[in-house]
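Reader: I would like to go through this model with you and ask, point by point, what stands behind each label. Please set the values against the rules wherever a rule decides the matter.

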Amino acid sequence: MGFDFSLSPSKIGVLKDCPKCFYNANVLKVDRPRGIFPSLPGGVDLVMKTCFDAFRPVLPAHLVKQLPGRTLWGNKDQINKLRNWRSGLKTELKIQGKTVSLIGALDDLIVEADGTFSPFDVKTKGKQPETDGAEYYQHQMDLYSLMLFENKMQPSGNAYLDYWFPTTFTDIGDMGWGDRLFTLDTSCQRGREWLENAVTIMTAGSAPASSSKCEYCAYLTAYTNKGGVNGK
């Protein structure tokens, strides 16, 4: 089945940050500069996935008391497919007469005591977080829940964010780490509303206004005003 648009939680993240950057990337095919991405979060992510796979289907020890009655979904091969965006959760939805392909890659998936499913994501912080970070990750968890629903895997309405952060440094050179687990409420309807908003922007025929907080657009505006586009 063909589709008109291909979207993902990361692309919707750009929409959340700045509608104009989203339009430029998905309609004009001009992406934001990627910049330098720190390797530490990826390293922590890999270590935690290895840990989870060593225990599955049982939760790792640090989560057993925090999430009683839950288990990890699938075996190592099955979860590794969901961790790769090429083979992960996929669905196609009709949005405003357009066919939207929605794809995503999960860190892990928890099976609740009642058999429903909850996305699980590992995050890295420089210190213990005080809030759950919903302003950054709510759209991601809502879209994961929507994809679960569309793949006939009933979402629980919850998602879990497990933040890891450095805590100590010992006299023998070992760095200690701690974690704090947060639960987010998720909504398939909110996920669909993000897709509705995305299609509205992509089919408008012209770029929307930039977000007032978008540093990319602010830089481009300043550069253009200085004559940079003409090579000056």
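Reader: How many residues of each class, nonpolar, polar and charged, does the lining of the second largest pocket have?

Author: Before the count, please keep in mind that this is a predicted model. By class, the lining of the second largest pocket has eight nonpolar residues, one polar residue and two charged residues. The residues in question are Cys21, Asn24, Leu28, Val30, Asp31, Arg32, Pro33, Tyr216, Cys217, Tyr219 and Leu220. Tyr and Cys count as nonpolar under the rule used here, whereas Asp and Arg count as charged, and the lining includes Asp31 and Arg32.

Reader: What makes a residue part of that lining, and which elements give two or more residues to the lining of the second largest pocket?

Author: A lining residue has an atom within 4 Å of a point of the pocket, and the elements that give two or more such residues here are H2 and helix H8 (215–225). H8 has the largest share, with four residues, and the volume of this second largest pocket is about 240 Å³.

Reader: How much space lies in the largest pocket, and which residues lie nearest its centre?

Author: The largest pocket holds about 1,900 Å³ of space, and of the 43 residues that line this pocket, Pro9, Ser10, Lys11, Val14 and Phe37 lie nearest its centre. Its lining divides into 18 nonpolar, eleven polar and 14 charged residues. At least two lining residues come from each of helix H1 (9–17), helix H2 (19–26), helix H3 (40–55), S4, strand S6 (117–124) and H6, and H1 gives the most, with seven.

Reader: Why is the pair of Phe52 and Phe120 called tilted?

Author: The structure holds four aromatic pairs, and in the one formed by Phe52 and Phe120 the ring centres are 5.1 Å apart, with 45 degrees between the planes. Rings pair if their centres lie within 6.5 Å, and planes under 30 degrees apart would count as stacked and over 60 as edge-to-face, so the angle of 45 degrees leaves this pair in the tilted class. The pair also links distant parts of the chain, with Phe52 in helix H3 and Phe120 in strand S6, 68 residues apart.

Reader: How do you know that S3 and S4 pair, and in which sense?

Author: Two strands pair if there are at least two bridges between them, and S3 and strand S4 (residues 98–104) have seven, so they count as paired, in the antiparallel sense. One of the bridges places Leu89 opposite Gly104 in S4.

These strands belong to an open sheet of three strands, with the order S1-S4-S3 and mixed pairing. Strand S1 (5–7) and strand S3 (89–95) are the edge strands, each pairing on one side only. Helix H7 (residues 188–202) lies across S1, S3 and S4 and runs at about 60 degrees to S3.

Reader: What makes S2 and S8 edge strands in the sheet of five?

Author: That open sheet has the order S2-S5-S6-S7-S8, with mixed pairing. Strand S2 (71–72) and S8 each have a single partner strand, so one side of each is left without a neighbour in the sheet.

Within the sheet, strand S5 (residues 108–111) and S6 pair in the antiparallel sense over four bridges, and Ile110 stands opposite Ser118 in S6. H3 packs on this sheet, touching S2, S5, S6, S7 and S8, with its direction at about 135 degrees to that of S6. H6 also packs on the sheet, where H6 touches S5, S6, S7 and S8 and makes about 150 degrees with the direction of S6.

Strand S7 (residues 158–169) and strand S8 (residues 175–185) run antiparallel and are joined by eleven bridges, one of which sets Tyr160 opposite Thr183 in S8. In their hairpin, which has five residues between the strands, Gly173 takes a positive phi near 90 degrees.

Reader: Which residue other than glycine has a positive phi, and where is the cis peptide bond?

Author: Lys29 has a phi near 65 degrees, a positive value in a residue other than glycine, and lies in the loop between H2 and H3. The cis peptide bond joins Arg56 and Pro57, with omega at about 10 degrees, and Pro57 is in the loop between H3 and helix H4 (61–64).

Methods: Residues numbered from 1 in each chain as written. Predicted model: local features only at pLDDT ≥ 70, side-chain atom pairs only at ≥ 80, totals over all residues. Heavy atoms only, no water. Contact = heavy atoms within 4.5 Å. Axes fitted to C-alpha atoms, helices over the stretch in contact; angles between N-to-C directions. 1 Å grid on protein atoms, 1.4 Å probe; cavity = no way out; pocket = protein on both sides within 12 Å on 5 of 7 lines; lining within 4 Å. Points joined across faces, edges and corners; volume = space filled by probe spheres on them. Phe/Tyr/Trp six-rings, centres within 6.5 Å; stacked < 30°, edge-to-face > 60°.
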